[in-house]
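Here is a short briefing to keep beside you while you look through the model. Have the viewer open, and turn to each residue as it comes up.

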Amino acid sequence: MKRIVNVLAAILLGFITSYAQEITPPDQHFGFKPGDDKMLFKYEQLIDYLKKVEAQSNMVMVIPIGQSAMGKALYVVFVSDSQNIARLEELKEINKQLAINPNLTTNEVNELASKGKAFVLATLSMHATEVGPSQALPTIIYQLITKETLKSTLHNVVYMAVPSHNPDGMDMVVDYYNKYKGTKYEGSSLPFLYHKYVGHDNNRDFITLTQPETKAISSLTSQEWFPQVMVEKHQMGLTGPRFFVPPYHDPIAQNVDAELYAWVNLFGQNMVNDLTSKGLQGVSQQNLFDNYWPGSTETCLWKNVISMLTEAASVKIATPVYIEPTELKGTSKGLAEYKKGTNMLLPWQGGWWKLSDIIELEIESTISMLQTASKYKERILRFRNNICKKQVLLGQTKPPFSYILPAKQKEPSELVALINLLKEHGVQVYQLKQDIEIQDRLFHSGDIVVPLAQPFRMFIKEVMEVQTFPERRLEKNGDIIKPYDITSWSLPLHKGLTCITLQTKSIDKEMLNPIPSNFSFNRKTLPENGVAVLPSTINQSYHLVFQCLKQGLQVDRINESALVNNQEIPAGSFLVKVNNKTRSILKQATFDVMVIQGKPSIKNITIDKLPRIALLESQVQSMDAGWTKYILDSYGVPFTTLSPAQIVKSDLTSKFDIIVIPNSNAGLLKDGKYKWDGEYFPLYYPPEYTKGMGQKGVENLIKFIQNGGTVIAWEQATELFEGNITINNGDSKEEFKFPFNNIAKKLKKSGFECTGSLVKLKLNPIAPFTFGLEDEVGIFMRDKYIFETSVPTLDMDRRIIGYFSGKPKLLSGYLKGEELIERKTAAIWLKKGNGQIILLGFSPIFRASVPSNYKILFNTILQ
C-alpha cells in the first residue's frame with residue numbers, strides 16, 4: 001500500500017511539474033512576437049502576461065509596490081529557481097542584514113553570503129518612448145524559466161524587474177503610436193509629456209523623490225529589498241553606437257568608492273564580451289554618459305548598490321529605420337569618430353535597425369548581468385557588507401563626521417522636509433539631547449544631527465555637502481570635459497537652510513535621540529481663537545494661505561516687518577483668524593504657529609481670494625511647465641492651462657489676473673516651431689500640435705499686460721518679450737522694445753560658463769516679489785539668460801529685482817568667468833501700461849529641487 005501511495009505521489013508530482021512547465025510563450029499571449037515591426041503591447045497587457053506566467057510557474061512572483069502618478073498599479077516581478085522564490089522573505093532579510101548591519105562578524109557574513117542569493121534589479125522604460133526594455137521583458141522571463149542552460153544561473157541569482165518605470169507614459173506612447181500608424185506621422189515622438197508632471201525628467205528625481213514612481217523604486221533599494229546589483233534600461237539616439245555599457249566617461253562622482261566603480265566596470269566589460277561573442281555589433285563604452293551627477297535611478301550607487309545603465313540605439317518607436325553608413329556619428333565625448341577603437345571594438349556598419357534588434361540586446365545584456373552576478377555571487381554578497389562596514393568606519397575616523405542643522409531656522413518647514421526626505425532615503429537622523437560646544441560653536445538641544453558613520457555615508461556626503469565640479473581634461477591645458485547634466489544638488493543650500501559640517505570629531509550616540517518617520521516641529525495645540533501669524537520666510541506658510549483662500553477665507557498680509565510679542569515678524573507675513581474653518585488647515589503646519597490674541601495694530605492689506613491664474617504651456621513637451629504644474633498642485637494653487645492657440649482666442653483680461661509662462665522655447669510658443677540661435681526647426685507632429693500663438697497671440701499678451709495683468713516668465717520664455725514688438729491698436733500700430741536685453745551669448749564668447757549651478761544673487765527689496773527672502777539668495781541657473789536693462793520709453797518702466805555682485809558668486813557647482821556677470825541681472829520687473837512683467841533668467845521651481853526660490857513665484861501670485 002505504501003508503495004502504491006509513493007507511486008501515485010510521484011505521478012502527481014510529475015503531473016504538477018509537467019503542468020508548471022507549460023508556460024505560455026509571449027507570442028501566444030500577445031498575438032505577435034514582441035519586437036515584431038510596428039507592434040507594441042500596452043502596460044495592462046504586460047502585467048496580465050506576468051500574472052499569467054506567475055500562475056503557471058513556481059519560478060515567478062509578482063508583487064505590487066505602489067501606484068503611478070495617474071493611479072496605475074506598480075509592480076516588481078521576481079524570477080529565480082523555485083527554491084529561491086519559496087524563500088524570498090528569508091532572502092530579503094539576508095539582503096537587509098548584509099546591506100545595513102555593520103556589526104556582523106566575518107563568520108556571520110560568510111554564512112549569509114553562502115545562504116543568500118545575488119539580487120539583480122532592472123527598472124525598465126522610464127522614458128516611455130524608449131519602448132524596447134519593457135517590450136523585451138516577457139521574452140526575457142520566458143527564456144529564464146524555460147531554458148535549461150540558465151538553471152544554474154537562477155540557482156544563485158534572483159532577477160527582479162520593474163516592468164515599466166512609467167506605466168502611464170507607456171500607455172500614452174503605445175496609444176499615440178497606434179493612432180498614427182500607417183500615416184506620415186508614424187513613429188514620431190509623443191508631443192506631450194509622457195508623465196502627469198515630469199516627462200523625461202523622471203530620471204532626475206532620485207534625490208528629491210517627488211514622484212510616486214520614484215518613491216516606490218527608491219524604496220526597493222533603500223528600505224525593503226536591498227538588491228546588490230541594479231540596472232536602468234534606456235535607449236538613445238538613432239545614428240550613434242548601438243548599445244552603451246559601462247565603464248562611464250569622466251567626470252565621475254568623487255564620493256563613490258573605487259570598488260563600486262570596479263564592480264560596475266566588471267559587469268560592463270562582461271557585457272561587451274558576451275554581446276560581442278554573439279556577433280552583436282556597435283557595443284560601446286566610456287563615451288557620452290558620465291557618472292558624476294546623482295538624481296537618476298542609478299543614485300543607489302551612492303548607497304552601495306552596484307548600479308549602472310545601458311542605452312540601446314532607438315528606432316522610431318516600433319517602426320524600423322534605415323541608417324546609411326555615412327550617417328553614423330560618434331558622440332560628444334569619448335567617441336569623437338564613428339570608428340573601431342578601444343571604446344567601440346566592433347562597429348555596426350549601418351542598414352536596417354529594428355525593435356527586434358533592441359530586444360535582442362536587452363535579452364543578451366540581461367542574461368550577461370545575471371551570469372556575472374551568479375559567477376561572483378558570494379563575493380558580491382560579502383562585498384555588500386564589507387562596503388557597509390567600510391563606510392561606517394570612514395564616518396567614525398575621517399572628516400566630515402556629522403552635519404548639524406540648527407533647529408531654529410528661518411525655514412523650519414524645509415528643515416522638516418529635509419529630515420523626512422533623508423529618512424525616506426534610509427538615512428539615520430537624530431536630535432541633540434542637550435546643549436554641546438563643538439568647533440567653538442554652541443549647539444542646542446533639539447538641533448538636527450546627521451552622522452556620517454552610516455552604511456549610506458557616500459549618499460549623505462554627496463547630498464549634504466557643497467558641490468565642487470571636478471575639472472577633467474583629455475589633455476593638459478585642454479578644455480574641461482563638460483558634465484552630462486547639472487553640477488549642484490546640495491539639499492541644505494537648495495532649501496535655504498543653515499548647515500554646519502563637523503570636521504573635528506563625531507558626537508557620542510548617547511547624546512542623540514533617533515528621529516522617527518513623519519517628523520514635525522509642530523507640537524502646540526492651537527487655541528480656540530486669536531490670529532495666527534504665518535511668516536513669509538516659510539514656504540509652508542504659502543501652502544496654508546493658498547488653502548485658506550481656496551476655501552474663501554480672508555487672509556491679511558503685512559507690508560512691513562513688525563514686532564509682535566517681542567518677536568519680529570518679517571514683511572509679507574500673513575495673518576489668519578483662528579476659527580473652526582481655519583484650525584484644520586493650520587494644524588497641517590510642521591512648524592509652531594504663533595497665535596496672538598486681539599487684532600494687532602499692523603499695517604496690512606486684505607486678500608479676499610486667489611487670483612485667476614493661467615499657465616501657458618506649449619503643446620510640445622515642456623518639462624519645466626510640468627514641474628510648475630506639480631509645484632502649483634502641491635501647494636494647492638488652482639490654475640488653468642492654456643495652449644498657445646488658446647492665447648489667440650481668449651479674452652485674457654476678463655478671465656485671468658496672472659499668466660505664468662515657464663521655461664518653454666519661444667519659437668514653439670509663438671510659431672509652433674523650435675527656434676534655436678535664430679534658426680527655425682520644423683516639428684514632425686500632426687498640425688494640431690504645431691499651432692503657435694502667432695503675432696495675434698503676442699498682441700493679446702501685451703494688451704493683457706497693458707490692461708493691468710501680470711505675467712511672470714523665465715528662461716526661454718523671456719524671449720517672447722525681447723526685441724522689437726509691434727501691436728495693432730485699431731487703425732494704428734505701436735512699435736516698441738522692452739528695456740532689456742539677454743547678453744548671455746556675448747558673455748559666453750568671452751568665457752562665461754555655468755552648467756546648472758547655484759549662484760548668489762543680490763536682491764533689491766522690491767515688494768512683494770522679495771518678501772520672505774534674504775538680501776541674497778542662491779538661484780539655480782545655467783549660462784543662457786543674463787540680462788542688461790536700459791532707460792525705458794513710452795508707458796514703460798523697469799526695476800532690477802536681483803543682480804550679481806561681489807566675489808565669490810558661486811555657491812555650489814561650476815562657474816567660470818564670474819567677473820563677466822558683475823552688476824548684471826537675472827531678475828527684472830517691467831511695467832507696460834497698467835500691468836507688469838517679471839522676467840527671470842532662471843527657473844524658480846527647477847525640477848522641484850530649489851525650494852529657496854519658490855517664494856519668487858508665490859509672491860508674484862499673491863501680490
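**Overall picture**

A compact globule of 863 residues would have a radius of gyration near 29 Å, and the protein has 29 Å, so the two agree. Please keep in mind that this is a predicted model. The chain carries 25 helices and 44 strands.

**Size, surface and packing**

- Taken along the principal axes, the C-alpha atoms fill a box of roughly 100 × 70 × 60 Å.
- Of the 863 residues, 61% are buried.
- The accessible surface of the protein comes to about 34400 Å², and carbon and sulfur atoms account for 49% of that surface.
- Looking at contacts between residues at least 6 apart in sequence, 79% join residues at least 24 apart.

**Charge**

- You will find 95 positive and 87 negative side chains in the protein.
- The centres of these two sets of charges lie 1 Å apart.

**Aromatic residues**

- How many aromatic pairs does the structure hold? There are 32 of them.
- One of these pairs is formed by Y176 and Y689, which meet edge-to-face at 6.3 Å centre to centre, with 70 degrees between the planes.
- That pair links distant parts of the chain, 513 residues apart. Y176 belongs to helix 9 (residues 167-180), while Y689 sits in the loop between strand 31 (679-681) and helix 23 (694-706).
- Are Y176 and Y689 buried or exposed? Y176 counts as buried because its relative accessibility is 6%, under the 20% cut-off. Y689 has a relative accessible area of 16%, so Y689 is buried by that cut-off too.
- Y322 and W352 form another edge-to-face pair, at 5.4 Å centre to centre and with 70 degrees between the planes.
- Because Y322 lies in strand 11 (residues 321-323) and W352 in strand 12 (residues 351-353), this pair ties together parts that are 30 residues apart in sequence.
- Y322 is partly exposed, with a relative accessible area of 42%. W352 has a relative accessible area of 54%, which is over 50%, so W352 counts as exposed.
- For a group of rings to pick out in the viewer, try Y542, F546, F574, Y635, Y854 and F858, which form one aromatic cluster.

**A closer look at P133**

- P133 is part of helix 7 (residues 132-146).
- With 1% relative accessibility, P133 counts as buried.
- Which residues does P133 touch, leaving aside those up to four places away in sequence? The answer is L124, S125, K233, H234, Q235 and E362.
- If you would like a distance to check on screen, the C-alpha atoms of P133 and K72 are separated by 19 Å, and these two residues are 61 apart along the chain.

**A closer look at S402**

- S402 is found in strand 13, which covers residues 402-405.
- The relative accessible area of S402 is 2%, and this residue is buried.
- Not counting residues up to four places away in sequence, S402 touches V449, V450, P451 and L452, together with I500, T501 and L502.

Conventions:
Residues are numbered from 1 along each chain as its sequence is written. This is a predicted model: local features need pLDDT of at least 70, side-chain atom pairs count only at pLDDT 80 or more; totals for chains, interfaces and linings use all residues. Side-chain values use heavy atoms; hydrogens and water are left out. Helices (H or I, at least four residues) and strands (E, at least two) are DSSP runs, numbered from the N terminus. The radius of gyration is taken over C-alpha atoms; the globule rule is 2.2 Å times the number of residues to the power 0.38. Buried means under 20% relative accessible area, exposed over 50%, partly exposed in between (1.4 Å probe, protein chains only). Contact means heavy atoms within 4.5 Å. Accessible areas come from the Shrake-Rupley method with a 1.4 Å probe; for residues, only the protein chains shown count as cover. Lys and Arg count as positive and Asp and Glu as negative; His and the chain ends are not counted. The place of a charge is taken as NZ of Lys, CZ of Arg, CG of Asp or CD of Glu. Rings of Phe, Tyr and Trp (its six-membered ring) pair if their centres lie within 6.5 Å; planes under 30 degrees apart count as stacked, over 60 as edge-to-face and the rest as tilted.
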